[in-house]
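Me: Could you take a close look at one part of this model for me? I would like to see how a single strand sits among its neighbours.

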Amino acid sequence: MNSHFSSLFGDIGKEPVSPEKGGAFVVVSGNFPENGIAVPLDSRAVFVGALEQLALYKGKSFFRKTKISAAKLLGFGWLGKILFKKTFFLAADGKNGNIFSFLKSKLGEDVAFSIYVGSRKFNLPLFRMSDGTMIGFAKIYPVDGVNSDYGENEAKTLEYLNELDFGLFLFPKVISKAIFKNHLAVILSPGDNLENTKTITPHHISFVGKLVKNTGRKVIFDDSGFYRVLVEEIKFLESKVPGQSALINTFFKESIKRLKGRNFVFSLVMREFPYFHMIKSAEKFFVVDFEEARPDFPPIFDIFSLFMSASRLKGNYIEIYRNNLNNIFFRENYLVKKYMANTIDKFGINKEDAYWFFWLFLLDQLYIHLHVGHDSSAERILSFLDFVSKDLKSLEKRWMPSL
């Protein structure tokens, strides 16, 4: 994303500028601007507001929460110069305006923002300049025919979801969608009084059920939109990793053989639904990140994704992924026992069906990672598929033994 940074934000400077023309920032993580996070230093209120949002985004462990709390107390002023080594300033582009004036035109007031540099976009939590209140969240994508499609998809999905009744579940609203300096900027509304969820809860399962109720339909597998998309995904995978075509088709063809010609429930599916994408909001729940969402997909994909998000994350990337999948799906597992049995019946599938949908889920995950260039994440999936490809019959016997 570094090549897009200066075109979007302007040059990084070492001298202060006025709020109307730019802003001051401190780098709190990463090798910025190649990657990492910078938060604004426009005022103490803005700085604290930005760190509170960072705690919501990154503070999932006690250690991280403690670090962020210490930064809120000590990071502004002269102590901040000791705590944080790298500060910088963004200046205005006098000819064409800058990101500050663009955001003000969309929100109607002066805005400060953090900058989270991702692999395919910039995430900008937006704060009221006067008091540090969070007033929006901007996702900014290069208009390159790949990355910006995810922004378009999220905006379209959120507009659709906000027209439906989801009871306890809330979604960001699209405040603005516009092009700025060859980038697509999608500005979303923030939630109120947000608090992280710690792990999978019955509310996560309930939300997937609501998606099925509001957007699902029963259809023959071969006639589903999912099947048509899957065929195109396999073509993409074969072109992207031609040396793995035989491995990919081992799982694709066997799964299709077992599922074709039968009726299943398909619905709008997030495809990547880690438990922390649902956030407590007073008495309700705020659900975020619909970039990967697709209609007419198997809802069990979101359940698979949920289970995987609650697994161990540390260790050798490929080995820990393999162990996590084994521990969740091929050994006795508390979460599977608690949540899966009463869930798959509502999707019109049984335990055996879930086994074959699981391999299609991994192929879909492989597509997601390769499509955006996450090669290391793709490699761990290919490694797992290769590891189990010669043992599918005995593996099926060990599938979700908790059920």
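**A strand and its surroundings**

Reply: Happy to! Let's start at a turn: in this predicted model, strands β10 and β11 form a hairpin with 2 residues between them. Lysine 181, which lies in that turn, has a positive phi of about 50°.

From the turn we can move into the pairing itself. Strand β10, residues 174–180, runs antiparallel to β11, and 6 bridges join the two. One place to look is serine 176, whose bridge partner in β11 is isoleucine 187.

β11 also pairs with strand β8, which spans residues 134–142. That pairing is antiparallel too, and it has 6 bridges. Here isoleucine 140 is a handy marker, as its bridge partner in β11 is alanine 185.

Now for the side chains. In a regular strand they alternate between the two faces of the sheet, and it is worth going through β11 with that in mind. On one side are His183, Ala185 and Ile187, while Leu184, Val186 and Leu188 are on the other. Every one of these residues is buried, and both faces of β11 are covered. Two of the names come back from the pairing: Ala185 is the partner of isoleucine 140, and Ile187 is the partner of serine 176.

Why, then, can β11 be called largely enclosed by the rest of the structure? The reason is the count along the strand: 6 of the 6 residues in 183–188 are buried, so the rest of the structure largely encloses β11. For the cut-off behind that reasoning, buried means under 20% relative accessible area.

Notes. Residues are numbered from 1 along each chain as its sequence is written. This is a predicted model: local features need pLDDT of at least 70, side-chain atom pairs count only at pLDDT 80 or more; totals for chains, interfaces and linings use all residues. Side-chain values use heavy atoms; hydrogens and water are left out. Buried means under 20% relative accessible area, exposed over 50%, partly exposed in between (1.4 Å probe, protein chains only). Helices (H or I, at least four residues) and strands (E, at least two) are DSSP runs, numbered from the N terminus. Two strands pair if DSSP finds at least two bridges between them.
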